[in-house]
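Visitor: I should like to learn how to read a structural model feature by feature. Could we take one topic at a time?

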Amino acid sequence: MEPLIVTVAAVGAELTREQTPHLPLTPEELGETAALCEAAGAAMIHVHCRTDDGHNTSDPARFGSALAAIRSRSTLIVQFTTGGAIGMTATERAAPLAMRPDMATLTCGTVNFGDGVFENSFPIMRGILAEMRRFDVRPELEIFDAGHLANAKRLVTEGVLDFPQHVDFVLGVPGGLGATVRDLVHLVDSLPPHCTWSVAGIGRAQLALATVAIAMGGHVRVGLEDNIYYAKGRLARNDELVARVARIAAELGRPLASAGEARTLLRLRPRSA
Ligand code: KMH
Ligand code: ZN
């Protein structure tokens, strides 16, 4: 089987230090997390940025500092969010792309997100894709709901996206598709040829869906953005969540992809700086 790409979604937009003390908020903390997670087996880091006091920010300078800090401490593939936080404008969400990370997320449709709405209309998606082309950033397609793959196919028909792509199934968000094996299998069966895929299970589902994906030949995303617990009542560190899926992969006979191998699997250019 193909080597396993482990992505760590280290901080997200919604969590606070009151919920977990392990959130990396500053660029330096993201760099430290990147180093620990690469040592534990990760090949990619999904990045949101916060101000020093924990508020979400789309400031390109802050993302640039995070990129530099991560690159100085690791060889991880750096993937920025363009989802940002509920309430950010599309322009704000796309602003960090100017820092030219390796990849960035593109959520492929609107979805309820708890009590909020995570808005990704076709104009928003086209706008983010245009900025990705402008700054030569590769998308990772985020699929939160069953219709999102059909939306991605529509963007291909329009000529603003092409396949194959790397696709991440985010399952178990309150308001999105459930975190079940049946839902995952349906989505994988619906993928266009030659796409690579990973799964990000939310909350308790993170471990079970990661294990299923490893066995199926897919890739995995773990990390505090999606799940803050190692076990019931026991908060996790990002590197512990990476290390656990690395151990499971070893038991299942699945080698881990280094960041360099992951670049090849994802058809990314070799790291430049
Ligand atoms: N914070 C969520 C509203 C992404 O990073 O691309 C969106 C999100 C998705 O986290
Ligand atoms: Zn995110």
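The dialogue below treats strands, a metal site, a helix residue and a surface patch in turn.

Guide: Please keep in mind that this is a predicted model.

Visitor: Let us begin with strand β6. How many of the five residues of strand β6 are buried?

Guide: A residue is counted as buried when its relative accessible area is under 20%. In strand β6, which spans residues 103-107, five of the five residues meet that condition, so the strand is largely enclosed by the rest of the structure.

Visitor: Which residues lie on each side of β6?

Guide: One side carries Met103, Thr105 and Thr107, while Ala104 and Leu106 are on the other. Both faces are covered, as these residues are all buried.

Visitor: Which strand pairs with β6 over two bridges, and in what sense?

Guide: Strand β5, residues 77-80, does so in the parallel sense. Within this pairing, Gln79 stands opposite Met103.

Visitor: How many bridges join β6 to strand β9?

Guide: Five bridges link β6 to β9 (residues 138-143), and these two strands run parallel. Here Leu106 of β6 is placed opposite Leu141 of β9.

Visitor: I turn to the metal. What are the protein donors of the zinc ion (ligand 2)?

Guide: One reads such a site by listing the donor atoms and then locating them along the chain. The zinc ion (ligand 2) has as protein donors NE2 of His46, NE2 of His48 and OE of Glu225, lying 2.1 Å from it. Along the chain, the donors follow the spacing H-x1-H-x176-E.

Visitor: Are His46 and His48 buried or exposed?

Guide: Both His46 and His48 are buried.

Visitor: Where is Ala210 found, and why does Ala210 count as buried?

Guide: Ala210 belongs to helix α7, residues 205-216. Its relative accessibility is 1%, and therefore Ala210 counts as buried.

Visitor: Which residues is Ala210 in contact with, leaving aside its neighbours within four places in sequence?

Guide: With those neighbours set aside, Ala210 is in contact with Val199, Val220 and Val245. A C-alpha to C-alpha distance can also be set beside a separation in sequence. Ala210 and Val6 are 204 residues apart in sequence, yet 9.6 Å apart in space.

Visitor: Finally, the surface. Which residues make the nonpolar surface patch of about 210 Å²?

Guide: The patch is formed by Val181, Val185 and Met216. Of these, Val185 is found in helix α6, residues 181-189. Val185 has a relative accessible area of 33%, so Val185 is classed as partly exposed.

How values were computed: Residues numbered from 1 in each chain as written. Chains lettered and ligands numbered in written order. Predicted model: local features only at pLDDT ≥ 70, side-chain atom pairs only at ≥ 80, totals over all residues. Heavy atoms only, no water. Buried < 20%, exposed > 50% of the residue type's maximum accessible area, 1.4 Å probe, protein only. Helix = DSSP H or I, 4+ residues; strand = E, 2+ residues; numbered from the N terminus. Pairing = 2+ DSSP bridges. Donors = N, O, S within 2.8 Å, 3.2 Å for Na, K, Ca; no water. Contact = heavy atoms within 4.5 Å. Patch = residues over 30% accessible without salt bridge, like charges linked within 9 Å, V, L, I, M, F, W, Y side chains within 5 Å. Areas by Shrake-Rupley, 256 points an atom, 1.4 Å probe, with all protein chains shown as cover. Salt bridge = Lys/Arg side-chain N within 4 Å of Asp/Glu carboxyl O.
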